[in-house]
Amino acid sequence: MRKPRDFDAELKALGEKAKQLRDRKLHQLGELVIATGADALPVEQLVGLLLAGIENKDSSAKESWRKGGVAFFQRTSSSGGRPRGDAQRQPAGDGGAPPPASEDRT
C-alpha cells in the first residue's frame, strides 16, 4: 500500500518556496535600480517614471525601451556583471520618453 501524501507539508513547502522567490525578485529589482543609477532619483520621480512606462500604450516606445534594456544588460555582462560607471550613465531626463536612438544597439 502507498504512503499517504502529506498535503499540509507540501503546501507549506510551496509557500516557503514562493516567499523565497518573491524575496529574490524584490532583491533583484533593488539591485537593478542601483545598477541603472535610478537610486539617485527622488522616490516620487522614480514611481512616476515607472507608472508612465506602464501606462504608455505606444508599442514603438516600449520596443525602444526593450532594446535599451538589452543593450544595458549586454554592457553589464561584458564588464563582469558590474554596473556601468557614473560617466556612462544617461540622465534620467524627461520622465518616460524612450532612450535616444544612439542607445539602440542590437
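Colleague: Which exposed residues does the face of H3 turned away from its buried side carry?

Modeller: This is a predicted model, and what follows is computed from it. In H3, the face pointing away from the buried side bears residues that count as exposed, a term that calls for over 50% relative accessible area. These residues are Ser59, Ser77 and Ser78.

Colleague: And which residues of H3 are buried, and within what arc do they fall when seen down the helix axis?

Modeller: The buried residues of H3 are Ala61, Ser64, Gly68, Ala71, Phe72, Arg75 and Thr76. Looking down the axis of H3, one finds these buried residues confined to a limited arc, so they line one face of the helix. That arc is 130°.

Colleague: Against which helix do the buried residues of H3 pack?

Modeller: H3 itself covers residues 59-78 and spans 28 Å from its first C-alpha to its last, close to the 28 Å expected at 1.5 Å a residue. Its buried residues pack against another helix, the one formed by residues 7-36. That partner is helix H1.

Colleague: How far does H1 reach from its first C-alpha to its last, and which residue follows it?

Modeller: H1 has 30 residues, for which 44 Å would be expected at 1.5 Å a residue, and the reach in the model, 43 Å, is close to that. The residue that follows H1 has a positive phi, near 90°, and is Gly37.

Colleague: How many helices and strands does the chain have, and in what order do its elements run?

Modeller: The secondary structure of the chain comes to 3 helices and 0 strands. Read from the N terminus on, the order of the elements is α-α-α.

Colleague: What share of the residues of the chain counts as buried?

Modeller: The accessible surface of the chain comes to about 8600 Å², with 59% of that area belonging to carbon and sulfur atoms. Buried residues are those under 20% relative accessible area. Of the 106 residues of the chain, the share that counts as buried is 14%.

Colleague: Which residue forms a salt bridge with Asp23, and why are the two separated by about one helical turn?

Modeller: The two residues are separated by about one helical turn because they lie 4 residues apart in helix H1. Asp23 is partly exposed, with a relative accessible area of 40%, and its partner, at 46%, counts as partly exposed. The closest N and O atoms of the pair are 3.0 Å apart, and the partner of Asp23 is Lys19.

Colleague: How far apart are the closest N and O atoms in the salt bridge of Glu63 with Arg66?

Modeller: Both Glu63 and Arg66 lie in helix H3, 3 residues apart, about one turn of the helix. Glu63 is partly exposed at a relative accessible area of 32%, and Arg66 is partly exposed at 44%. The closest N and O atoms of this salt bridge are apart by 2.7 Å.

Colleague: With which residue does Arg5 form a salt bridge?

Modeller: Arg5 is exposed, with a relative accessible area of 56%, whereas its partner is partly exposed, at 32%. The closest N and O atoms are 2.7 Å apart, and the partner of Arg5 is Glu10.

Colleague: Which residues make the nonpolar surface patch of about 380 Å²?

Modeller: One member, Ile54, lies in helix H2, which covers residues 43-55. At 61% relative accessibility, Ile54 counts as exposed, because the cut-off for that term is over 50%. The patch is made by Val43, Val47, Leu51 and Ile54.

Key. Residues are numbered from 1 along each chain as its sequence is written. This is a predicted model: local features need pLDDT of at least 70, side-chain atom pairs count only at pLDDT 80 or more; totals for chains, interfaces and linings use all residues. Side-chain values use heavy atoms; hydrogens and water are left out. Patches are made of residues with over 30% relative accessible area and no salt bridge: like charges are joined within 9 Å, nonpolar side chains (Val, Leu, Ile, Met, Phe, Trp, Tyr) within 5 Å. Accessible areas come from the Shrake-Rupley method with a 1.4 Å probe; for residues, only the protein chains shown count as cover. A salt bridge is a side-chain nitrogen of Lys or Arg within 4 Å of a carboxyl oxygen of Asp or Glu. Buried means under 20% relative accessible area, exposed over 50%, partly exposed in between (1.4 Å probe, protein chains only). The expected span of a helix is 1.5 Å times one less than its number of residues. The arc is that of the directions from the helix axis to the C-beta atoms. Contact means heavy atoms within 4.5 Å.
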